[in-house]
Amino acid sequence: MKFLCLALAAFVALAAPAVTLPDCGGKTVKASDFGFASGDSTDALKSALNSDAARVVIDRQDEDWVTGSVAITNGNKEVVIEDGVVIRAKPGAFVGARERL
């Protein structure tokens, strides 16, 4: 069921970005609910992505989401990036060879 839900969500996102994604079950949170900081939103993104929510929406803000290294360590997540969202690397945050945005 999860595969079908993810496949359907991907199809809907590609075919018609304005369409509401299907309900895949579980809780949905917005990343900004965990605090948006214009110069460094790493903590907010980490908290949202590692919350107990099944779906995390990185929602559009007036400024870019600037972040250091972030990893999902709390199970499977559906991550939705709203139209117009820009996620940018925090200057100097990615110095290791294995670090990625």
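**Getting to know this predicted model**

Me: Leaving aside residues up to four places away in sequence, which residues does leucine 45 touch?
Reply: Touching here means having heavy atoms within 4.5 Å, and keep in mind that the model is predicted. With sequence neighbours up to four places away left out, leucine 45 has these partners: Ala31, Ile58, Trp65, Thr67 and Val70.

Me: Which helix gives the largest share of the largest nonpolar core?
Reply: Start with the members: Val29, Ala31, Ala44, Leu45, Ala48, Leu49, Ala53, Val56, Ile58, Trp65 and Val85, eleven residues in all. Helix 2 (42–49) and strand 2 each put in at least two of them. Four residues, the largest share, come from helix 2.

Me: Why might nonpolar side chains end up in a core like that?
Reply: There's a general habit to lean on here. In soluble globular proteins, nonpolar side chains tend to be buried together.

Me: What order do the strands of the open three-stranded sheet have?
Reply: Work in from the edges: strand 1 (28–30) and strand 4 (78–81) each pair on one side only. Strand 1 runs parallel to strand 2 (residues 55–58), and three bridges join them. The pairing in this open sheet is parallel, and the order is 1-2-4.

Me: How much are neighbouring strands of this sheet turned against each other on average?
Reply: We're still on the open sheet of three strands with parallel pairing. Ignoring direction, the average turn between neighbouring strands is 20°.

Me: Is glutamate 78 buried or exposed?
Reply: Glutamate 78 sits in strand 4. The cut-off for buried is under 20% relative accessible area. Glutamate 78 has just 9%, so that residue counts as buried.

Me: Which residue's side chain makes a polar contact of 3.0 Å with the side chain of glutamate 78?
Reply: Look across to strand 2, where one residue stands opposite threonine 28. That residue is arginine 55. The side-chain partner of glutamate 78, at 3.0 Å, is arginine 55.

Me: And aspartate 43: buried or exposed?
Reply: Aspartate 43 belongs to helix 2. Exposed means over 50% relative accessible area. Aspartate 43 comes out at 61%, so the label is exposed.

Me: How far apart in space are aspartate 43 and glycine 68, C-alpha to C-alpha?
Reply: Along the sequence, aspartate 43 and glycine 68 are 25 residues apart. In space, going from C-alpha to C-alpha, the distance is 8.8 Å.

Me: In what order do the elements of the chain run from the N terminus on?
Reply: The chain has two helices and five strands to place. Starting at the N terminus, the elements run α-β-α-β-β-β-β.

Methods. Residues numbered from 1 in each chain as written. Predicted model: local features only at pLDDT ≥ 70, side-chain atom pairs only at ≥ 80, totals over all residues. Heavy atoms only, no water. Pairing = 2+ DSSP bridges. Axes fitted to C-alpha atoms, helices over the stretch in contact; angles between N-to-C directions. Core = buried A, V, L, I, M, F, W, Y, C linked by side-chain atoms within 4.5 Å. Buried < 20%, exposed > 50% of the residue type's maximum accessible area, 1.4 Å probe, protein only. Polar contact = N/O pair within 3.5 Å; in protein donor to acceptor, adjacent residues only side chain to side chain.
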